[in-house]
Amino acid sequence: MLTVALVAGLIGGFYLSSIYGTASTASISTSRPVANIQLFIFAVQESKMPWAFVSSGVSNPTIRVKLGSNVQIILNNTGVALHDWALDSISPSPYSVRTEEVRPGESGAISFVADKLGSFTYHCATPGHREYGMQGQIIIEG
Ligand SMILES: [Cu+2]
C-alpha cells in the first residue's frame, strides 16, 4: 500500500514537473498568440422585397462569433444603391461599427474585436434600407 502511494506520488510529481517544464519553455516565446479571425462576406439583394444581406445563398444570416474574435466583414455591393454594414447603437448594440457607404459594384470592409457578449442586430444604416429588410442577427458567445 505504501509502495503504491509512493509510486503514485513519484508519477504525479513527474507529471507536474513536466507540465511546469512545458509552461516555462512556452514562456520563452515572445510571439503573441494569433487572434481568432472570423470572416463574413456579404452580397446585397435588392432586386425584390425584402432586401437582404446575402452570404452563401442565405438572406440575412444569423452569424455566430466567438467572444474575443477579430471579426472581419466584407460587403460586396452587388446592388444598385449605396449600402453599408453596421452594428451600432441604433441596432441597438454596445458596438460602434460601420463600413463606409459602399457604392454599387464596389466593396467595403471593416473589422472589430467582438469583446461584448450578446445577441444584436446588424443592419444597413443607409436610410430606409433596414425597413426594406436589410438586417440580421449577430450572436457573440463565450
Ligand atoms: Cu442598404
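**Exercise 1. Determine which residue stands opposite glutamine 45 in E2, and place that pair in its hairpin.**

Solution. Step 1: the model is a predicted one, in which local features need pLDDT of at least 70, side-chain atom pairs count only at pLDDT 80 or more, and totals for chains, interfaces and linings use all residues. Residue numbers start from 1 along each chain, as its sequence is written.

Step 2: the partner of glutamine 45 in E2 is alanine 52. Strands here are DSSP runs of E with at least two residues, helices are runs of H or I with at least four residues, and both are numbered from the N terminus.

Step 3: valine 44 stands opposite phenylalanine 53 in E2. E1 and E2 run antiparallel and are joined by three bridges; two strands count as paired if DSSP finds at least two bridges between them.

Step 4: the two strands form a hairpin, with six residues between them. Proline 50 lies in this loop between E1 and E2, and a cis peptide bond with omega of about -10° joins methionine 49 to proline 50.

**Exercise 2. State the order of the five strands in the open sheet and identify the edge strands.**

Solution. Step 1: the order is E3-E2-E1-E5-E8, with mixed pairing. Strand E3 (58-59) and E8 are the edge strands, each pairing on one side only.

Step 2: strands of a sheet pair through backbone hydrogen bonds, either parallel or antiparallel. Here E1 and E5 run parallel and are joined by six bridges, whereas E1 and E2 run antiparallel.

Step 3: one position in the parallel pair is phenylalanine 40, whose bridge partner in E5 is isoleucine 73.

**Exercise 3. Identify the residues that touch the most other members of the largest nonpolar core, and the strands that supply the core.**

Solution. Step 1: a nonpolar core is a set of buried Ala, Val, Leu, Ile, Met, Phe, Trp, Tyr and Cys residues joined through C-beta atoms within 7 Å. A residue is buried if 20 or more other C-beta atoms lie within 10 Å of its own, exposed if 12 or fewer, and partly exposed in between, with C-beta atoms placed from the backbone.

Step 2: the largest core has 19 residues, of which Phe53, Leu75, Trp85, Ala86, Leu87, Tyr122 and Met134 touch the most other members. Strand E1 (37-45), strand E2 (52-55), strand E5 (70-76), strand E6 (86-87) and strand E10 (135-141) each supply at least two residues of this core. The largest share, three residues, comes from E5.

Step 3: alanine 86 touches Val97, Arg98, Tyr122, His123, Cys124 and Ala125, leaving aside residues up to four places away in sequence. Contact means that the C-beta atoms of two residues, placed from the backbone, lie within 7 Å.

**Exercise 4. Serine 56 and asparagine 60 each have a positive phi; decide whether each is buried or exposed.**

Solution. Step 1: serine 56, found in the loop between E2 and E3, has phi near 50°. Serine 56 counts as exposed because it has 9 C-beta neighbours inside 10 Å.

Step 2: asparagine 60, found in the loop between E3 and strand E4 (63-66), has phi of about 45° although it is not a glycine. Asparagine 60 is buried because 21 other C-beta atoms lie within 10 Å.

**Exercise 5. Describe the surroundings of arginine 103.**

Solution. Step 1: arginine 103 is placed in the loop between strand E7 (97-98) and strand E8 (107-113).

Step 2: arginine 103 is partly exposed, because 13 other C-beta atoms lie within 10 Å.

Step 3: not counting residues up to four places away in sequence, arginine 103 touches Asn77 and Leu82. The C-alpha atoms of arginine 103 and histidine 83 are separated by 6.9 Å, although the two are 20 residues apart along the chain.

**Exercise 6. Find where pLDDT stays under 50, and state how that segment should be read.**

Solution. Step 1: pLDDT is the predictor's confidence in each residue, from 0 to 100. The chain has a mean pLDDT of 85, and 76% of its residues reach 70 or more.

Step 2: the segment is residues 1-27, where the model has zero contacts beyond four places in sequence. Where pLDDT is low, the predicted coordinates should not be read in detail.
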